[in-house]
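Visitor: Please give me a close look at one backbone outlier. Then go on from there to the rest of the fold.

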Amino acid sequence: KPLNTKFPKNFLWGGATAANQVEGAWDVDGKGLSVADAYSFDENLPKERWSDQWLMMTYEQLEEAQNPASKQYYPKRHGVDFYHHYKEDIALFAEMGFKCYRMSIAWTRIFPKGDELEPNEAGLAFYDRVFDELHKYGIEPVVTISHYEMPLHLATEYGGWVNRKLVDFYVRYATAVLSRYKDKVKYWMTFNEINSLNHHPYTSLGVVEENHPHLEQAKYQGAHHQFVASALATRICKDLNPAAQMGCMISYQLLVPYSCDPDDVQATVEKQRHALFFSDVQARGYYPAYTARMLAEKNVVLETQPEDEQVMRENPVDYVSFSYYMSSAVSAHPEKLEGAVGNMLTGGIKNPYLSASEWGWQVDPKGLRTALNQLYDRYQKPLFISENGLGAIDTVQEGDIIEDDYRISYLNDHIVQIKEAIKDGVDVFGYTSWGCIDIVSASTSQVSKRYGFIYVDQDDMGGGSKRRIKKKSFDWYKNVIATNGDQL
Ligand code: BG6
């Protein structure tokens, strides 16, 4: 191949959101409660406790969430009301020149409890309207089938993904959406950040920790069921439309050894597998060689069905997508060093060469080039960067001016590194910055942790006019897209 110094002509520039963080309208048109709808937010709690429920949900909190008389505020039920603003929001995406929009379908709009036999027509019709609106502007939808929003009923009544029945429920749901939208959606992903079940099993698997003294067993059994479900969905997708592309999606934090101590190096290899194990299975279609030792050391024994191996082997994904926000250092002796605050997914060590966001996420644009090279060398499958961005507090000045130069600089530096990776020969076909419009944060449930090019006038307790305001980064990104990444 000749040296490539430019973004491909048809590169998919865009932005990303998830239904549970953006839509709101939690009880409209037959929607049921999702696991995300059970996160409450209390601004009076100390900030470091805002992500407690994200990391560990209790039955008491779930009962409260199902109590119609509850006085708690549940931000993900309200999102930023995309459900009623989608036309206005998509018009703004189009104004920026988006080529694609990564979004998810709320499982609970289609199967409100998850175990119904027939889908909910009003829910299906909503996404028809959204996809039609996107196509009106030539924007390609990139759709995650399950993004942290499985039906709550499947968690409380079935115990979540540990239960094999979840495979059937997911396949029924996936079949409903894949067949309904086969002519409107070409790019799909089966599960958002599938590896994050390691860190927040309630959100990803519907597994409540207190029910599982041997939590590792529950996590990997749940993961196995998701692998099978993903392979089955991939098969259905390709049967319906052979040109459709199915991707996996992992949360990829680049990990680097804290020092050249061989123990740090090996610890890094093993820790990086917390993410790569999942893409290894989904991209190659089988469990990697290190699985036996890894599971034995965790004392995990998987229950499988005879047909699982073949289903997985025959249906690997077409492309590998990942979120990239930060990197972290790894040490074999972490107790002797300062931890990287905010790196919830890895619990890594602070890297003295990097700065961090207000939430402690260590900013490492060059790490994105490394990550792209690592993933492409490993799989030789097309890559899609499905999330990247900076959560920050924005200030609206008089005249609706929001000068988010910090966001521009974060995004610019990362996009520069994507270009470097393209020069390296990496096949990357799209980039969707996270939270292209301000939304409810996944981990802390704040709206004030903002990622967008578009500001939403809404506070953490849901107050505000919900008016949309363009930030300075709006025009910056518009120019990046218009010049296909030439002007950075
Ligand atoms: C990813 C998730 O982990 O990170 C998104 O896929 C999430 O749903 C994003 O919003 C940013 O995290 P947070 O906690 O800042 O919203």
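Guide: Start with N484. N484 counts as partly exposed because it has 16 C-beta neighbours inside 10 Å, where 20 or more would make a residue buried and 12 or fewer exposed. The model is a predicted one. N484 lies in the segment after α16, and that helix covers 472–482. Its backbone is the point of interest: N484 has a positive phi of about 45°, yet is not a glycine. Most residues other than glycine have a negative phi.

K466 also belongs here. K466 is not a glycine, but its phi is positive, at about 65°. The setting of K466 is a loop, the one that links β13 (454–456) to β14 (468–470). K466 is partly exposed because 15 C-beta neighbours fall inside 10 Å.

A third residue shares that exposure class. K165 has 14 other C-beta atoms within 10 Å and is therefore partly exposed. K165 sits in helix α8, which spans residues 165–180. Its C-alpha is 12 Å from that of V228, and 63 residues separate K165 and V228 in sequence.

Now the barrel. Eight strands close it, in the order β1-β2-β3-β4-β5-β7-β11-β12, with parallel pairing. Neighbouring strands of this sheet are turned against each other by 25° on average, ignoring direction.

Take strand β1, residues 12–16. Five of its five residues are buried. In a regular strand the side chains alternate between the two faces of the sheet. In β1, L12, G14 and A16 point one way. W13 and G15 point the other way. Both sets are buried.

β1 pairs with β2 and with β12. Strand β2 covers residues 100–104, and three bridges join it to β1 in the parallel sense. Within β2, C100 stands opposite G14. With β12, β1 forms five bridges, and the two strands run parallel. A16 has W434 of β12 as its bridge partner.

Go on to the other pairing of β12. Strand β12 (residues 428–434) also pairs with strand β11 (residues 383–387), in the parallel sense and over three bridges. There, L383 is bridged to V428 of β12.

Next, a pair of helices. Two packed helices are described by the angle between their axes and the distance between the axes. Helix α4 spans residues 82–96 and helix α6 residues 121–136. Their axes come within 10 Å and cross at roughly 20°. Angles under 35 degrees count as roughly parallel, and α4 and α6 are therefore roughly parallel to each other. The crossing of α4 past α6 is right-handed.

Last, the ligand. It has 15 residues around it. Those that come nearest are E193, G391, S441, A442 and S443. By class, the shell holds four nonpolar, eight polar and three charged residues.

Back to the starting point. N484 combines a positive phi of about 45° with a place in the segment after α16 and partial exposure. K466 likewise has a positive phi, about 65°, but lies in the loop between β13 and β14. In the barrel, by contrast, the five residues of β1 are buried.

Methods: Residues are numbered from 1 along each chain as its sequence is written. This is a predicted model: local features need pLDDT of at least 70, side-chain atom pairs count only at pLDDT 80 or more; totals for chains, interfaces and linings use all residues. Two strands pair if DSSP finds at least two bridges between them. Helices (H or I, at least four residues) and strands (E, at least two) are DSSP runs, numbered from the N terminus. Axes are lines fitted to C-alpha atoms, for helices over the stretch in contact, and angles run from 0 to 180 degrees between N-to-C directions. A residue is near a molecule or strand if its C-beta atom, placed from the backbone, lies within 6 Å of it. Ala, Val, Leu, Ile, Met, Phe, Trp, Tyr, Cys and Pro count as nonpolar, Asp, Glu, Lys and Arg as charged, and the others, Gly among them, as polar. Angles under 35 degrees count as roughly parallel, over 145 as roughly antiparallel, 65 to 115 as roughly perpendicular and the rest as oblique. A crossing is left-handed if the near helix is turned anticlockwise from the far one by less than a right angle, and right-handed if clockwise.
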